[in-house]
Structures are given as structure tokens and as C-alpha cells.
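Please open the model in a viewer and keep the sequence panel visible beside it. The tour proceeds by selections, each followed by a description of what is found there.

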Amino acid sequence: LLATLVMAFILRIRCFTTRPIIQKCRFVHNVAQSGFTADSVASYERGRPDYPPEAVNLLLQSVKLPSTNATVLELAAGTGKFTRHLAKALSDRNNVKIISSEPSDAFREKLSEIRDVEAIKCTAENIPMEKSSLDFVVAAQSFHWFANENALREIRRVLKPGTHFGLIWNRFDVSVAWVRHLECEIIDRYYRLAGGSVPRYIDMTWKKAFDGFSGFGPLWTLSLTH
């Protein structure tokens, strides 16, 4: 078992109108296009760390999601590793709708197997929903792929005033020696070979997307080890 940390970041929507996006980006990173294919669905499911239920519950409690009549959107849901826990955590609530988006056709096919979840195809920069229609948007292990101003403006557009955008990642617990070796000596080597062109959570460059963007309140953090 991998020793992992769950890191969750939460932003609250400010109550004002943002300027419209003139041109929406529909770009999916070339590494994601070539890597998230039918051939990788099984290995993705097998190799990606799972999420502890307590992390999902803590995230939902922190954003104070309504107990009834709410709509939740998960962006770039992959095969549904986080989605399954989200659906289970919200299963006892009345009239709560979960929509999970995923641009990869193969991954979305696996995602669509989850009961009580609507799987759709879209990118974070082009969400097919009305303004101020969502009670919560979450991105699990994915925001670093679309950390740009167009995505933030689109997420801000579809969220209701005063609601939240949640970001959650599993990361390796490098305080454990063999895990540190895996992360720093093996995995990092492949990222270095890519010349720094592949987005990663761990380098924290995704935070730069929020610099100068006033549509959200301050970023705050939750973490736990599992």
C-alpha cells in the first residue's frame, strides 16, 4: 500500500458578476490525450490511489453543501475514482444531482457505469450549464491540467454566489523512505525527461492561475494521511 496524503483546497465564490469569456478554450493537453485512452483505463483504475471516505466527508462538510435540492459537478473525473465516494457520501440526501465530466471517451465510458451519476463530455473551459446553476464544483487529482483563467471564469460562471470550488489531490507521503525513493528517484525522472512540459500538482504552479483573479475568496487547505 502506498503511503499517501490527501490535500484539499477550497475556494468560496465572491458575490459579484465577472466579465464574460469572449473565446472559450477547448484544449486538452496532448499528454492527457495520448495517455488517457482505452488502453490505459484498467491500469489507471488499478494504479491510482483511492480516496478515504473521511476525506470526502470532510470536504463536503467544509463547503456546507445543502442537504436537499443541490447540483454538484465534478470536473475531469477520469474513471470515477473520486466520483464513487462522492455518490456514496451524498446517497442519503434528497434530490441531490451529481454530474461528472470527462473529455476522454474511454474514461467517460467507465465513469458512466457509476449509478446515480450523469457522465458528460466537456472541458473546464466550456461547461454546458446555465449561469449560477451549481451548488458545488470539485476537481479531484485534475485541476493542474486546466489551471488557467478561462477555466476559472467558467467555473465561477456556473457556480451560485457564495458556493465553493473544491480541489483535492492524493500525493505521496515522502516522509516514508521507500515512498520518497519512488517519488523522487523514479517518477520524477520521467517528468524531467518531458522537460517540465507535463502539469503536476506537486510543483504548485497551478496556484498561479489564481494570481490576479478576483472571482474567488482565499484558498484554504485541509489535509489528512491515509
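Select Ser132 to begin. In this predicted model, Ser132 has a relative accessibility of 29% and therefore counts as partly exposed. The residue sits in the loop that links strand E4 (117-120) to E5. Its backbone deserves attention: the phi angle of Ser132 is near 55°, a positive value in a residue other than glycine. Most residues other than glycine have a negative phi.

A second residue of this kind can be selected next. Ala76 has a phi near 50°, again a positive value in a residue other than glycine. Ala76 belongs to the loop between strand E2 (68-75) and H4, and at 22% relative accessibility Ala76 is partly exposed.

**The whole chain**

Now display the entire chain as a cartoon. Seven helices and seven strands can be traced, and from the N terminus their order is β-α-α-α-β-α-β-α-β-β-α-β-α-β. The chain has 226 residues, of which 48% count as buried. Among contacts with a separation of 6 or more, 82% are between residues 24 or more positions apart. With a surface display switched on, about 11,500 Å² is exposed, and carbon and sulfur atoms supply 51% of that area.

**Strand E5 and Val137**

Select strand E5, residues 134-140, and within that strand Val137. Is Val137 buried or exposed? Its relative accessible area is 0%, so Val137 is buried. Show the surrounding side chains as sticks: leaving aside residues up to four places away in sequence, Val137 touches Leu73, Leu75, Ile155, Val158, Leu159, His164, Phe165 and Gly166. Leu73 is 64 residues away from Val137 along the chain, yet the C-alpha atoms of the two are separated by 4.8 Å.

**Helix H6**

Two of those neighbours, Ile155 and Val158, are among the buried residues of H6. Select this helix, residues 149-158, which is mostly covered, with seven of its ten residues buried. Besides Ile155 and Val158, the buried residues are Ala151, Leu152, Arg153, Glu154 and Arg156. Which elements do the buried residues of H6 pack against? They pack against E2, E5 and strand E6 (159-172).

Charged side chains also pair within this helix. Side chains of opposite charge can pair when their charged atoms come close. Select Glu149 and Arg153, whose side chains meet in a salt bridge with an N to O distance of 2.9 Å. These two residues are four apart in helix H6 and are therefore separated by about one helical turn. Glu149 is partly exposed at 39% relative accessible area, whereas Arg153 is buried at 11%.

Next select Arg157 and Glu154, which form a salt bridge at 2.8 Å, N to O. Arg157 is partly exposed at 23% relative accessibility. Glu154, at 0%, counts as buried. Arg157 and Glu154 are three residues apart in helix H6, which means that about one helical turn separates them. Elsewhere, Asp105, Arg108 and Lys121 are joined into one network by salt bridges that share partners.

The structure holds eight salt bridges. One further pair to select is Glu113 and Lys110, with a salt bridge of 3.4 Å, N to O. Glu113 is exposed at 53% relative accessibility, while Lys110 is partly exposed at 25%.

**Helices H3 and H4**

Move to helix H4, residues 81-89. Seven of its nine residues are buried, so this helix is largely enclosed by the rest of the structure. The buried residues are Lys81, Phe82, Thr83, His85, Leu86, Ala87 and Ala89.

Add helix H3, residues 53-63, to the selection. The axes of H3 and H4 come within 10 Å and cross at roughly 65°, and the crossing is right-handed. To see where the helices meet, show Pro53, Val56, Asn57, Leu59 and Leu60 in H3, together with Phe82, His85, Leu86 and Ala89 in H4.

**A patch on the surface**

For the last stop, select Ile186, Tyr190 and Leu193. These residues form a nonpolar patch on the surface, with about 350 Å² of accessible area together. Ile186 lies in helix H7, residues 177-193, and is partly exposed, with a relative accessible area of 32%.

Notes:
Residues numbered from 1 in each chain as written. Predicted model: local features only at pLDDT ≥ 70, side-chain atom pairs only at ≥ 80, totals over all residues. Heavy atoms only, no water. Patch = residues over 30% accessible without salt bridge, like charges linked within 9 Å, V, L, I, M, F, W, Y side chains within 5 Å. Areas by Shrake-Rupley, 256 points an atom, 1.4 Å probe, with all protein chains shown as cover. Salt bridge = Lys/Arg side-chain N within 4 Å of Asp/Glu carboxyl O. Buried < 20%, exposed > 50% of the residue type's maximum accessible area, 1.4 Å probe, protein only. Axes fitted to C-alpha atoms, helices over the stretch in contact; angles between N-to-C directions. Left-handed = near helix turned anticlockwise from the far one by under 90°. Contact = heavy atoms within 4.5 Å.
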